[in-house]
Amino acid sequence: MSIVTRFAPSPTGMLHIGGARTALFNYLLAKRHGGQFLLRIEDTDKQRSTQEATQAILDGMAWLGLTPDQAPTYQSEQADRHAECALEMVEHGHAFRCYATPEELQARREEGEAKRTAAKEEGLSEATRDALLAEAKTLLAPYRSPWRDGGDPPRPDAPYTIRLRAPDEDTMTVKDHVQGEVTLQTREIDDLILLRADGSPTYMLAVVVDDHDMGVTHVVRGDDHFRNTFRQLPIYWAMGWNVPEFAHVPMIHGSDGAKLSKRHGALSTLAYRDMGYLPEAMNSYLMRLGWSHGDQEVFTMAEATAVFDLSDINKAPGRLDLEKLGDVNAHFIRMIDESRLLDLVAPEIAKLTDVTNTLTERLQQALPTLKERGQTLPELAESCRFLWDSNADNLNKKARKALREDGIKRLSELREALDQSDSWTIEALQDVLEAYCAAHTLTMGQVGPPLRAALTGGLPAPDLAPVMHWLGRNEVLARIGKHLPA
């Protein structure tokens with residue numbers, strides 16, 4: 001059997017990181033078995049679905065590299081097909097026309113709530129309280145329509161919905177790849193609405209029809225949909241369709257174990273892009289939020305694709321840990337090609353200064369070393385600041401101390417020695433520093449601080465010889481000169 005998976009988001013907001021992880025799991029499962037990964041936009045909620053949200057989903061998927069194997073489909077375009085299936089179920093007795101009005105159903109719920117409240121009053125006999133609770137339970141139970149076994153409409157032109165006839169058997173069982181075998185009493189399942197009174201299909205109907213028509217073999221989704229599975233199974237049975245395999249993945253929680261919210265960090269997938277995380281880092285981190293394979297902590301997409309299996313998904317919710325995400329991102333910053341890293345970090349540097357040709361040349365030379373100095377792209381950009389900013393007008397306390405009388409004298413002598421150097425390689429510059437120290441019986445601990453203060457003004461930077469090499473002869477001599485007497 002060729003595996004077909006799908007990701008089916010509703011375009012009512014951003015692509016949540018929980019949704020991104022669901023898409024990732026579907027993608028990995030399909031690719032692991034040489035199958036197909038599909039994308040369906042579930043836009044049947046016309047009041048809440050927006051084009052902006054749809055585009056945000058597509059942009060988020062593209063950023064993560066989760067490219068579907070076919071063009072995205074839109075659920076709203078299949079409304080006629082959904083209605084056709086509902087009418088077929090009516091024809092075969094698996095669904096029926098229900099004439100209960102929304103007002104009647106609301107009154108039923110309110111009566112049930114009233115009886116449940118009344119049962120809490122003091123002074124009632126046990127028999128009266130039990131009777132009230134029993135009536136409340138009946139009224140608030142999953143709705144079984146009085147028209148489920150047929151019956152005439154209240155009037156010829158009465159509006160109606162089409163409902164699925166819920167199973168009459170005692171129990172239903174779902175074998176789930178993550179949750180295991182779960183059984184539910186069928187009395188907990190209502191006669192769900194398939195077509196509304198205006199003829200439009202409901203989500204419960206549309207998702208089953210679409211999954212069947214798209215050939216979906218494995219439904220991998222959040223465990224908040226698990227109960228929906230019991231409501232959707234009777235649709236498969238009524239239509240005589242094969243039931244896909246299910247895997248309901250636990251939700252992502254915050255670091256405190258509570259439901260994920262804005263206080264735990266960004267929820268939008270693209271927000272992490274804008275904060276300077278790499279897509280490969282986001283994928284690696286998200287897949288480990290609820291999935292594991294051996295002791296390996298960090299995966300490339302190729303590595304995960306080779307070993308991904310639903311049996312390795314954990315039952316417990318994953319916990320968002322931004323510190324861990326930062327570590328994973330730092331790992332991939334060190335791993336990626338430096339020309340690509342330059343392309344990624346340049347826009348962040350452009351927020352701080354003009355990216356000139358000279359600065360670009362310095363970055364090209366420095367990035368192999370400096371890429372160790374940031375967990376995110378903005379952090380990496382900030383670590384490069386000394387390449388364009390000597391901080392001469394904003395020296396910190398340590399730099400000012402280093403540039404006192406002895407420091408200025410050594411700077412002047414060092415500038416002369418550097419100016420006379422025939423070569424400007426890292427090795428040659430290191431030789432100049434060592435030769436100066438030897439000639440004046442000094443240590444690098446005495447020579448380095450004033451030189452570093454002049455070159456970077458106290459900004460973080462690596463060893464001095466590479467820094468001077470990256471800045472170039474003219475810039476180094478100019479920066480030192482700014483701190484020498486005229």
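Me: I'm looking at strand 8 first. Which residue stands opposite Leu195 in strand 8?

Reply: Happy to help! Keep in mind that this is a predicted model. Ile162 is the residue that stands opposite Leu195. Strand 5, residues 161-164, pairs with strand 8 in the antiparallel sense, over two bridges.

Me: What sheet do these strands belong to, and in what order do its strands come?

Reply: The sheet is an open one, formed by three strands in the order 4-5-8, with antiparallel pairing. Strand 4 (95-98) and strand 8 (193-195) each have a single partner strand, so they stand at the edges, and one side of each lacks a neighbour in the sheet. From one strand to the next, the twist averages 45°.

Me: Which helix lies across those strands?

Reply: Look for helix 3, residues 79-91. Helix 3 lies across strand 4, strand 5 and strand 8, and runs at about 95° to strand 4.

Me: Now for helices against helices. How do I read the packing of helix 1 and helix 9?

Reply: Two packed helices are described by the angle between their axes and the distance between those axes. Here, helix 1 (residues 17-32) and helix 9 (residues 279-288) pack at about 90°, and their axes are 9 Å apart. Angles of 65 to 115 degrees count as roughly perpendicular, which means that helix 1 is roughly perpendicular to helix 9.

Me: Which residues make that contact?

Reply: On helix 1, find Ile17, Ala20, Arg21, Leu24, Phe25 and Leu28; on helix 9, find Met282, Asn283, Leu286 and Met287. By class, this contact has eight nonpolar residues, one polar and one charged.

Me: Let's turn to pockets. How much space lies in the largest pocket, and which residues are closest to its centre?

Reply: The largest pocket holds about 990 Å³ of space. It is lined by 35 residues, and Pro9, Ser10, Gly19, Asp224 and His225 are the closest to its centre. You have already met helix 1, which gives the most to this lining, with five residues. The lining of the largest pocket divides into 12 nonpolar, 14 polar and nine charged residues.

Me: And what is the volume of the second largest pocket?

Reply: The second largest pocket has a volume of about 220 Å³. Of its 14 lining residues, the closest to its centre are Leu105, Arg109, Tyr143, Arg163 and Asp190. Helix 4 (102-118) gives the most to the lining of the second largest pocket, with three residues. By class, that lining has eight nonpolar, one polar and five charged residues.

Conventions. Residues are numbered from 1 along each chain as its sequence is written. This is a predicted model: local features need pLDDT of at least 70, side-chain atom pairs count only at pLDDT 80 or more; totals for chains, interfaces and linings use all residues. Side-chain values use heavy atoms; hydrogens and water are left out. Axes are lines fitted to C-alpha atoms, for helices over the stretch in contact, and angles run from 0 to 180 degrees between N-to-C directions. Helices (H or I, at least four residues) and strands (E, at least two) are DSSP runs, numbered from the N terminus. Angles under 35 degrees count as roughly parallel, over 145 as roughly antiparallel, 65 to 115 as roughly perpendicular and the rest as oblique. Contact means heavy atoms within 4.5 Å. Ala, Val, Leu, Ile, Met, Phe, Trp, Tyr, Cys and Pro count as nonpolar, Asp, Glu, Lys and Arg as charged, and the others, Gly among them, as polar. On a 1 Å grid over the protein atoms alone, a cavity is a set of points where a 1.4 Å probe fits but cannot get out, and a pocket is an open set with protein on both sides within 12 Å along at least five of seven lines; lining residues have an atom within 4 Å of a point. Grid points are joined across faces, edges and corners, and a volume is the space filled by probe spheres set on the points. Two strands pair if DSSP finds at least two bridges between them.
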